[in-house]
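Student: I have a model open and would like to talk it through with you, one piece at a time. Can we start with one of the helices?

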Amino acid sequence: MNTTILKGKWNEISGKLKQQFAELTDDDLKYEEGKEDELMGKIQQKIGKSKDEVQSLIQSFLK
C-alpha cells in the first residue's frame with residue numbers, strides 16, 4: 001500500500017471506517033508516520049478482519 005497516498009487521504013478514509021465500524025475510535029485511527037503496520041493491527045483487532053481484508057477495504061476507499 002502506498003503510504004504517501006494513505007497519509008494524504010487518511011482523514012477521509014478514517015471517517016469512512018468510523019461510519020462503517022462504530023467500534024473504531026479516533027485513537028484507534030490516529031495516523032502516525034512509520035507506524036502503519038501498528039495502525040492496521042489495531043483496525044484488524046477492533047473489526048475482526050484479516051490484514052488482507054483491512055487493506056482491501058482501505059484500497060476500496062481510495063478509488
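Student: Which residues are exposed on the other side of H3, away from the buried ones?

Tutor: Bearing in mind that this is a predicted model, Asp37 and Gln45 are the exposed residues on that side of H3.

Student: And which residues of H3 are buried?

Tutor: Glu36, Leu39, Met40, Ile43 and Ile47 are buried in H3, and because they cover an arc of only 100° around the axis, they sit on the same side of the helix.

Student: What covers those buried residues of H3?

Tutor: The cover includes helix H1 (3-8), along with H2 and H4.

Student: How far apart are the end C-alpha atoms of H3?

Tutor: They are 17 Å apart, which agrees with the 16 Å that twelve residues should span at 1.5 Å a residue. After H3 comes Gly48, which has a positive phi, near 70°.

Student: Now the core: which members of the largest nonpolar core touch the most other members?

Tutor: That core has 17 residues, and those touching the most other members are Leu6, Trp10, Ile13, Leu17, Ile43, Ile47 and Ile58. At least two residues of this core come from each of H2, H3 and helix H4 (51-62), with H4 giving the most, namely five residues.

Student: Changing topic, where does Asp27 lie, and is it buried or exposed?

Tutor: Asp27 is in the loop between helix H2 (10-20) and helix H3 (36-47), and because its relative accessibility is 60%, Asp27 counts as exposed. Its C-alpha atom is separated by 9.9 Å from that of Leu39, twelve residues apart along the chain.

Terms used. Residues are numbered from 1 along each chain as its sequence is written. This is a predicted model: local features need pLDDT of at least 70, side-chain atom pairs count only at pLDDT 80 or more; totals for chains, interfaces and linings use all residues. Side-chain values use heavy atoms; hydrogens and water are left out. Helices (H or I, at least four residues) and strands (E, at least two) are DSSP runs, numbered from the N terminus. Buried means under 20% relative accessible area, exposed over 50%, partly exposed in between (1.4 Å probe, protein chains only). A nonpolar core is a set of buried Ala, Val, Leu, Ile, Met, Phe, Trp, Tyr and Cys residues joined through side-chain atoms within 4.5 Å. The expected span of a helix is 1.5 Å times one less than its number of residues. The arc is that of the directions from the helix axis to the C-beta atoms. Contact means heavy atoms within 4.5 Å.
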